[in-house]
Structures are given as C-alpha cells and as structure tokens.
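Please open the model in a viewer and keep the sequence panel at hand. The tour below proceeds by successive selections.

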Amino acid sequence: MVELQYQSKFDGFLVDLRIGPAEEVNNAMFGGEPVFTSKAGATVSADTMPAETFGCLVWVESLDGSPDSIATFFHELVHASALRFEKSGVFKREPRPEDVSTGLTSFDELMANSVSELGSAFLGMLM
C-alpha cells in the first residue's frame, strides 16, 4: 500500500492518500472495520477517523496511469476539496457581486484550484 500525505501551505488542509486494496486500508486505518468496500475509491473526513486533524483521507484502489484510475483519483480529490471548503467556511461566504463577476471567488474556480493543488502535490510525490 502506498501512503502519502500533503498539507497545504495555504490553509493547512491535510490530505492522507492511501493507494491499495480496500482490505489493507481498512486494516491499517480502521482496525479491520469495512469502511471502504468494493468501490474503486472513496474520501472520508478526518472527523470520522481516530486522529483529529483538519483534513481527510483519500483512498483509491489503484493509480496505475490508466484513464480510469486517474479519473477516480481526481474524482476523489473533488470530494477532498469539497470537505476542505466545508471545513473552512467557504460554503457559508457571501461574496460581493463584483468579486463573483471577475471569477475571484467563483466556486468552480476555487474547486479547480484546490483539485490542481492536491493533484500536483500527490502526482509529484509519485513520480
């Protein structure tokens, strides 16, 4: 099983990445409880894990360079980014109309930036 961790310098958001069979991740992280089952990937908030941290655990069964595995990886990074924004209060903000019109605070731009930051960090570690 591959175990990587990235903490954003921007907001301190911590993502634990685990790549490997669900059974191995369940044994290592959850004492064998079947948290992850037959899916190809999943993301859980740190709130549901034994250690308290501002972040989440991202699991993908494999990241072998195939289009399906890369798509699953980035799918899970979208979930990680949504948890990031939920925890930081971004979803509760009410940006000024002039900021939204320039794209400075649009949700899709924030999401895209988060996914590219996390993706770049982890792919850099794996290369």
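The stops that follow pass through the strands, then a single serine, and finally a pocket. The model is predicted.

**First stop: strand β4**

Select residues 55–60, which make up strand β4. This strand is mostly covered, as six of its six residues are buried. Display the side chains and compare the two directions: Gly 55, Leu 57 and Trp 59 point one way, while Cys 56, Val 58 and Val 60 point the other way. In a regular strand, side chains alternate between the two faces of the sheet. In β4, the residues pointing in either direction are all buried.

**Second stop: the partners of β4**

Add residues 14–19, strand β2, to the selection. Strands β2 and β4 run parallel and are joined by six bridges. To find a point of register, place Leu 17 and Val 58 in view; Leu 17 stands opposite Val 58 in β4.

Next, add residues 41–45, strand β3. Its pairing with β4 is antiparallel and extends over five bridges. Here Ser 45 stands opposite Cys 56 of β4.

**Third stop: the β1–β2 hairpin**

Extend the selection to residues 2–7, strand β1. Strand β1 runs antiparallel to β2, with six bridges between the two. Gln 7 is found opposite Leu 14 in β2. The two strands form a hairpin with six residues between them. Within that turn, centre on Gly 12, whose phi is positive, at about 80°.

**Fourth stop: Ser 69**

Move to helix α2, residues 67–88, and select Ser 69 within the helix. Is Ser 69 buried or exposed? Ser 69 is buried, because its relative accessible area is 6%, below the 20% cut-off. Draw a distance from its side chain to the backbone nitrogen of Gly 65; the value is 3.5 Å. Leaving aside neighbours within four places in sequence, Ser 69 is in contact with Ser 62, Leu 63 and Asp 64.

**Final stop: the largest pocket**

Select Phe 10, Asp 11, Arg 84, Phe 85, Ser 88, Val 90, Leu 110, Asn 113, Ser 114 and Glu 117, which line the largest pocket. Helices α2 and α4 (107–126) are the elements that give two or more residues to this lining. Which element supplies the largest share? That share, four residues, comes from α4. Colouring the lining by class separates four nonpolar, three polar and three charged residues. The space in this pocket amounts to about 180 Å³.

Technical notes:
Residues are numbered from 1 along each chain as its sequence is written. This is a predicted model: local features need pLDDT of at least 70, side-chain atom pairs count only at pLDDT 80 or more; totals for chains, interfaces and linings use all residues. Side-chain values use heavy atoms; hydrogens and water are left out. Buried means under 20% relative accessible area, exposed over 50%, partly exposed in between (1.4 Å probe, protein chains only). A polar contact is a pair of N or O atoms within 3.5 Å; within protein, one must be able to donate a hydrogen and the other to accept it, and residues adjacent in sequence count only if both atoms are side-chain atoms. Contact means heavy atoms within 4.5 Å. On a 1 Å grid over the protein atoms alone, a cavity is a set of points where a 1.4 Å probe fits but cannot get out, and a pocket is an open set with protein on both sides within 12 Å along at least five of seven lines; lining residues have an atom within 4 Å of a point. Grid points are joined across faces, edges and corners, and a volume is the space filled by probe spheres set on the points. Ala, Val, Leu, Ile, Met, Phe, Trp, Tyr, Cys and Pro count as nonpolar, Asp, Glu, Lys and Arg as charged, and the others, Gly among them, as polar. Two strands pair if DSSP finds at least two bridges between them.
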